[in-house]
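Hi,

Here is the structure I promised to send over. Have a look at it first, and then read on for what turned up.

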Amino acid sequence: MDDCIFCKIVRGEIPSAKVYEDQDILAFNDINPVAPVHVLIVPKKHVSDIMTLSEHEQRAQIMESVIRAVPAVAKAAGVAETGFRLINNCGEEGGQTVMHLHFHLIGGRKLGEKLI
Ligand code: 5GP
Ligand code: ZN
């Protein structure tokens, strides 16, 4: 996707603070962190949101790549032992602002009971 911010970050056209990368995933620090650790886990393949993903023929591989990356990202970010929260926003009322599937890994302090 030519004009997608996260595709541009994946292609290296917009700089990011990389935390973890493998062939399917790029994880980088959120530009506007809500906690000491706030990393975005982004599948390199452009899928707009989790609803679209559920219809995607490669949904299993894409979600598997996310699940594989989570512990590596948590270790790299220093929260594998202390814990973290993994969040996906979907759609307008879910608060999604970038229409490229991503998961927020948030931690580095004791989080509130529900969201952040
Ligand atoms: P959403 O609201 O879609 O769930 O999350 C999008 C996230 O992307 C937001 O937390 C926002 O701060 C982050 N973000 C938006 N643009 C950029 C950017 O250019 N670089 C980085 N590192 N994060 C971004
Ligand atoms: Zn994209």
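How many residues lie between β1 and β2 in the hairpin they form? There are three. Keep in mind that this is a predicted model.

The hairpin strands, β1 (residues 18-21) and β2, pair in the antiparallel sense through three bridges. One pair you can pick out there is K18 with its bridge partner F28 in β2.

Now for the whole sheet. It is an open one made of five strands, ordered β1-β2-β3-β5-β4, with antiparallel pairing. β1 and β4 (84-87) each have a single partner strand, so these edge strands have one side without a neighbour in the sheet. On average, neighbouring strands are turned by 20° against each other, ignoring direction.

I spent some time on β3 (residues 37-43). Seven of its seven residues are buried. V37, V39, I41 and P43 point one way from the strand, while H38, L40 and V42 point the other way, and all are buried.

β3 also has a partner on each of two fronts:

- With β2 (residues 25-29), the pairing is antiparallel over five bridges, and F28 stands opposite L40.
- With β5 (residues 103-107), five bridges join the strands, again antiparallel. Here V37 stands opposite G107, and H38 stands opposite I106.

Last one: which strands does helix α3 (residues 59-77) lie across? The answer is β1, β2, β3, β4 and β5, and the helix runs at about 155° to β3.

Cheers

Key:
Residues numbered from 1 in each chain as written. Chains lettered and ligands numbered in written order. Predicted model: local features only at pLDDT ≥ 70, side-chain atom pairs only at ≥ 80, totals over all residues. Heavy atoms only, no water. Buried < 20%, exposed > 50% of the residue type's maximum accessible area, 1.4 Å probe, protein only. Helix = DSSP H or I, 4+ residues; strand = E, 2+ residues; numbered from the N terminus. Pairing = 2+ DSSP bridges. Axes fitted to C-alpha atoms, helices over the stretch in contact; angles between N-to-C directions. Contact = heavy atoms within 4.5 Å.
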